[in-house]
Amino acid sequence: MMGRKLGRILCSCAAIEALMWCAPALAQDASIPSANVPEASSEDSGGVGDIVVTAQKRAQNVQDVGITISAFSAETLENAGITDATQLTQLTPALNLSGSYGGQVLSFAIRGVTQQDFSAQAEGPVAVYLDDGYMALNNSAGVGLFDLDHVEVLKGPQGTLFGRNATGGLVNIITRKPSDVADGYVTLSYGSYNDARAEAAFGGPLADGIAFRVAGAVSSNNAYIKNLSPTGGDLGGSHGYALRGHLSFDLSPDADLLVSGYASKSYTSWAPYYVFTSSSVVDANGVEQNTVEVPGPTGAGSPVTPGGSRRVISNYAQDSGGTNSLRGATAKLTFDFGPELTLLTDYKDAETRFLIDAEGASSLFNGDTRSRVRNFSQEARLFGRSDGWRWYAGAYYLHINAQVDPNRSPFPALGVIVDDYNKLVTDSYSLFGQVEIDLSPRVSLVTGARVTREVKDFQYRAQAFSTDLSAQPLADLGPARAPYEAHQADWLFNGKAQLEFRPQDGLLFYAGWSRGSKAGNFTSPYAGSTTFPDSALSYKPETLNSYEIGGKADLFDRAVQLNGAVFAYDYKNYQSFQFVGLSSLVINRPAKTYGGEASVVIRPTDNLTITGGGSYTDNNIKDVPVGGVIKDRVAPFTSKWQALASISYSWPMFGGTMTAHANGHYTGPFYFSVSNFSTTRVAGYTTVDMHLSWEDPRDLWKVSVFGTNIGQEKYRTVGFDLTGLCGCTQVGYGRPRWLGASVTRKF
């Protein structure tokens, strides 16, 4: 069966691969380049422009890296209207979002590799790095994007050089750094629902060998979901700010120091959830087989409102109360003494508060979760090169202190408040190395390994209080569940072995194996639930063995860029998250995934660029018990099919340059729960965004109008099946049509 599935994937991509293997006849005739040496962008020659990436911890042309990468320059992101990391899914095949709290907590999923446990101590298997620093908080997909250099999305395990929870891949965000030329910009924008945003950056030399860059953004938008309850507030509104500063020092001709600091905070409404009525489908023995949507009020007596109609009924949800903040600093020292030494110190401190009225109009239960995650890391790595080979060696230490304090769950109808507290302290130690050897002028071998010792200490307790708020302090009713403490220590092994073939300039083919891993962890019971015993709260590390064949080609004198890959994933102890009633649990199960993806960029003239791409992902988690039934399931937030297309065209107008950009993205059906029940199925949907801008001939002024989701698509994004608790299911929806305009002044 495995062979047949893989065969179908290979056949489905055969046309792409055949074209790429025939590409030597189509590519430009040029000498074979030295492997892994970045080339200049081809913008000047009229071809498809390349991006220099740091996917292998050094600057390389993206087309010369044997990894499936989607890389986007700051200009590309600006033209597509991308202002936060979640919108990268609109430009990247096989990249999905998983989420909770009506979409206010978001993390990435790549090729079916995802994490649905949204507690603060649960890290995702798709890592997010900001300027070389790992982000431990699992809400990292919501990072704002401003004053960027570029963004990289690396697919497949990146366990050798990055290591930390990059089982499925990683998102690498690179901001603009100081230079010896003074420049900056100011951008003001205004859009739907009083969406106002101001963004600015400026940098340049301070003294001989010292340069700086500062950037900031402030934003605000009104609610776009009307709460029909007289006691509730309108939802979806937010406001916040972000600041960043870089200071660089040329310590000597061979040594540089970059010091960075940043801070951001956003304020939001309660989670904007819709609620619909759902009911269990059971067999003759009373065993639950499915849950389905049904008409009428929920089992808790709450009325329902049409999904995506921008109308909810939520007695307790208010227009404020949620917060999300991030503070941190990074210091990076590089010293070239033959090999290049990099010392990186990074600290991040993230705090969140999210609130939810889970079942709408009734007073069954609400939620108020406050979390804080602090992580400190230190990395030392060496990179060296000589004729015919390149090598890395390094060590990495990471400390994480993650706390939920508390996860408060009021049950007004029961007269009880339950406060959950948990704390997870993680210490992780790694040694890693990688070698790239040129076996011949055209063939290279890449091998690497990483060994990690991961130690975790977990504490959990749940306390019950009276809901009589007039009594201060609240009356303590005792433990809702016996306190729990546990210790876990794992050895993790990652590796890579890959052959790369460059028949001539502009062509790369690669085939290899890589192994990624993610440490075991603990599940926090919700509201002191005793559904599961203490013995079920810990789960094992997961490992992923990936086998991938891919290719990259620049064709027709660089007018066409064609990339493609097929892959097979073999998971051991996949960490499968389940949500039963109000209690969650992660269990280990074997899983397999097969798929392929392809992308093409065509630039027939200097002023026209056409982009297309798509992906296929066939995921299967074995023997998952749900509702008394054990069977294979599909991982949540995993679309079997995805496709995207965009077009950008520029022409002279009003003495300057007008540019029109449009992109469409199709996401196939997926489930937001591993139960794969009907209530958790999200129908496929397509969104279309447009952007029209004018720039003056001196490149000082830019005026734009834009629209996202201009087709007013109503699509579900996240949700939870609460049928067994309240006869209801809660779902979040994507934002409605959003129109706006902006003006930028550069200097």
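**Strands 16 and 17**

I started with strand 16 and strand 17 (residues 288–293) of this predicted model. The two strands pair in the antiparallel sense over five bridges. I looked up one partner as a check: Val-281 is bridged to Asn-290 in strand 17. The two strands make a hairpin, and five residues lie between them. In the turn I noted Gly-286, which has a positive phi of about 80 degrees.

**Tyr-273**

I then went to Tyr-273, which sits in the loop between strand 15 (255–268) and strand 16 (274–282). Is Tyr-273 buried or exposed? Tyr-273 has a relative accessible area of 5%, and under 20% counts as buried, so I entered Tyr-273 as buried.

I listed the contacts of Tyr-273, not counting residues up to four places away in sequence. Among them are Ser-100, Tyr-101 and Gly-102. Val-312 and Ile-356 are also on the list. From further along the numbering I wrote down Val-718, Gly-719, Phe-720, Gln-730, Val-731 and Gly-732. I also took one distance from Tyr-273: its C-alpha atom and that of Pro-697 are separated by 47 Å, and the two residues are 424 apart along the chain.

**The five-stranded sheet**

Next I traced an open sheet of five strands, with the order 3-8-9-6-7 and mixed pairing. Which strands stand at the edges? They are strand 3 and strand 7 (133–134). Each has a single partner strand, so one side of each is left without a neighbour in the sheet.

For strand 7 I looked at the pairing with strand 6, which is antiparallel over two bridges. The bridge partner of Tyr-129 in strand 7 is Tyr-134.

**Aromatic pairs**

I counted aromatic pairs and got 19. One of them is Tyr-129 with Phe-162, which is edge-to-face at 5.1 Å centre to centre, with 70 degrees between the planes. Tyr-129 belongs to strand 6 and Phe-162 to the loop between strand 8 (148–155) and strand 9 (169–175), so this pair ties together parts that are 33 residues apart in sequence. Tyr-129 is buried at a relative accessible area of 3%, and Phe-162 is buried at 3% as well.

I wrote down Phe-458 and Phe-522 next, with ring centres 5.0 Å apart. Their planes are at 5 degrees, so I logged the pair as stacked. Phe-458 is in strand 24 (residues 443–466) and Phe-522 in strand 27 (residues 521–522), so parts 64 residues apart in sequence are tied together. Phe-458 is buried, at 1% relative accessible area. Phe-522 is buried, also at 1%.

Tyr-129 and Phe-162 came up again with Tyr-134, since these residues form one aromatic cluster.

**Glu-123**

Tyr-134 led me to Glu-123, because I was looking at the polar contact between their side chains, which is 2.5 Å. Glu-123 lies in the loop between strand 5 (105–110) and strand 6 (126–130). Glu-123 is buried, with a relative accessible area of 5%.

I set aside the neighbours of Glu-123 within four places in sequence and read off what remained. The contacts include Gln-115, Ala-136, Asn-165 and Ile-400, along with Tyr-134. Arg-164, Lys-456 and Lys-518 also touch Glu-123.

**Charges over rings**

I noted Arg-111 over the face of Phe-567, at 4.1 Å from the ring centre. Arg-461 lies over the face of Tyr-421, at 4.0 Å from the ring centre.

**Nonpolar cores**

I finished with the largest nonpolar core, which has 52 residues. Which of its residues touch the most other members? They are Val-53, Ile-69, Leu-77, Leu-88, Val-171 and Ile-173. The elements giving two or more residues to this core include strand 3 (68–73), strand 5, strand 6, strand 8 and strand 9. Strand 21 (366–386) and strand 22 (389–411) are also on that list. Strand 22 gives the most, with six residues.

I followed Leu-88 further, leaving aside its neighbours within four places in sequence. Leu-88 is in contact with Phe-72, Leu-77, Ile-82, Leu-95, Val-151 and Val-171.

A second, separate core has 45 residues, and I noted Val-418, Phe-670, Phe-672 and Cys-728 among them.

Methods. Residues numbered from 1 in each chain as written. Heavy atoms only, no water. Helix = DSSP H or I, 4+ residues; strand = E, 2+ residues; numbered from the N terminus. Buried < 20%, exposed > 50% of the residue type's maximum accessible area, 1.4 Å probe, protein only. Polar contact = N/O pair within 3.5 Å; in protein donor to acceptor, adjacent residues only side chain to side chain. Contact = heavy atoms within 4.5 Å. Phe/Tyr/Trp six-rings, centres within 6.5 Å; stacked < 30°, edge-to-face > 60°. Lys NZ or Arg CZ within 6 Å of the ring centre and 35° of its normal. Core = buried A, V, L, I, M, F, W, Y, C linked by side-chain atoms within 4.5 Å. Pairing = 2+ DSSP bridges.
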